Amino acid sequence: MEHSKLVCIGLGHVGSYVLTYAMESGLFAEIATIDTAPGVAHGEALDQSQSTGVPGTDYVNVHAGDYSDCADADMIIVAAGASILPDPDDPDSRPDRAGLAKLSGEVVRDVMPGIVKHTRDAIVLFITNPLDAVVHLAHTEFDYPAEKLFGTGTMLDSARLRWVVAKQLGIDPKSVTGYMMGEHGLTAVPVLSTLNVQGVRWTELEKWHGTPLPSPQEIQDAVVGAAYDVLNAKGWTNAGVARSALEIARAVMLDQNSVHPVCTRLDGEYGLPDVSLSMPAVIGRGGIIRRMPPQLNNWELERLRESAQYILSTVENM
Ligand SMILES: NC(=O)c1ccc[n+]([C@@H]2O[C@H](COP(=O)([O-])OP(=O)(O)OC[C@H]3O[C@@H](n4cnc5c(N)ncnc54)[C@H](O)[C@@H]3O)[C@@H](O)[C@H]2O)c1
């Protein structure tokens, strides 16, 4: 088998989970870690390296690295940068990820020069928030192949959508097919017009359920709020997005041509301006093989336009 290599940039709550799942994934023979905090990249790599002595674990050459490790990397996953924090005085706080714009802009301008100095071949996957603005900034300021640089986007919001709907229906979230589009954040759009359970559509589900299901606005609020339920309880979120990142890595490394909602720079879809946001896309070894913009109803299209404008206003603050 060909030598396969991942570089993890940013090893905090999210990056350390990405690293853990990557170690278990069987997708990578080598993993290099990079973090600006002294000792963190080395400590995380050393901890994981020692875990390879446990019977039953895969051997992975995991080590602290630097940007020269990007030269022969297949994938680079970026979870560098500060997270939003819950308000200790408000258990229902909903701090906007857009508030991280300035700080994360600095992170992009620190990380991307290191990457482009060594590669334009690796698939670069961003997790850093505000995700869509971060991806757009990376595209507009750095000359990286468009199909090879994207973000986890609404992959996580979509998992939460399936979870919210499945809870309403009393079924396994994986039995729900559906996704959020637009911003990973407050303006994410639930696309209920295409959501279904084994082909049974939303409107039919209501009949099957016996009582009225939530409105699109209520579903949107529940999905957005699901993130804050975690943030306000434990102070950060990490499991869902790390799993999402590894599922995307699997699609890339195994050239699966899997369809996931991820954040890419658009090319005029829906008549939107130059912006990066999430919609279903085919993902394989080359990165984004193509986007699959679904037909939207008026409510969804209007919300998507609002979401695009919100992302662009965030980019202006970077
Ligand atoms: N996209 C999503 O769905 C999603 C979900 C959760 C968190 N996030 C985002 O992921 C990012 C990380 O969150 P976290 O909870 O792990 O934060 P954290 O504070 O726990 O960790 C961030 C890490 O990044 C490192 N770092 C900062 N600047 C760096 C740079 N220029 N180069 C390399 N390393 C750098 C820090 O030293 C730290 O170790 C945040 O932007 C957060 O908002 C995104």
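Trainee: Which residues does the UniProt annotation "binding site" cover here?

Mentor: In the unreviewed UniProt entry, that annotation covers Asp-35, Ile-127, Thr-128 and Asn-129. Such annotations may be inferred rather than shown by experiment. The lining of the largest pocket takes in Asp-35, Ile-127, Thr-128 and Asn-129 from this set. A pocket is an open set of points on a 1 Å grid over the protein atoms alone, where a 1.4 Å probe fits, with protein on both sides within 12 Å along at least five of seven lines; lining residues have an atom within 4 Å of a point.

Trainee: Hang on, what kind of model is this?

Mentor: It's a predicted model, where local features need pLDDT of at least 70, side-chain atom pairs count only at pLDDT 80 or more, and totals for chains, interfaces and linings use all residues. Residues are numbered from 1 along each chain, and side-chain values use heavy atoms, with hydrogens and water left out.

Trainee: OK, how many residues surround the ligand?

Mentor: 23 residues, each with a heavy atom within 4 Å of the ligand. Among the closest are His-13 and Asp-110.

Trainee: Which ligand atom does the side chain of Asp-110 pair with?

Mentor: An N or O atom in that side chain is 2.7 Å from a nitrogen atom of the ligand. That's a polar contact, meaning a pair of N or O atoms within 3.5 Å. For His-13, a backbone N or O atom lies 3.0 Å from an oxygen atom of the ligand.

Trainee: New topic: where does Asp-35 lie?

Mentor: Asp-35 is in the loop between strand S2 (30-34) and helix H2 (40-51). Those are DSSP runs numbered from the N terminus: helices are H or I with at least four residues, strands E with at least two.

Notes
Polar contact = N/O pair within 3.5 Å; in protein donor to acceptor, adjacent residues only side chain to side chain.
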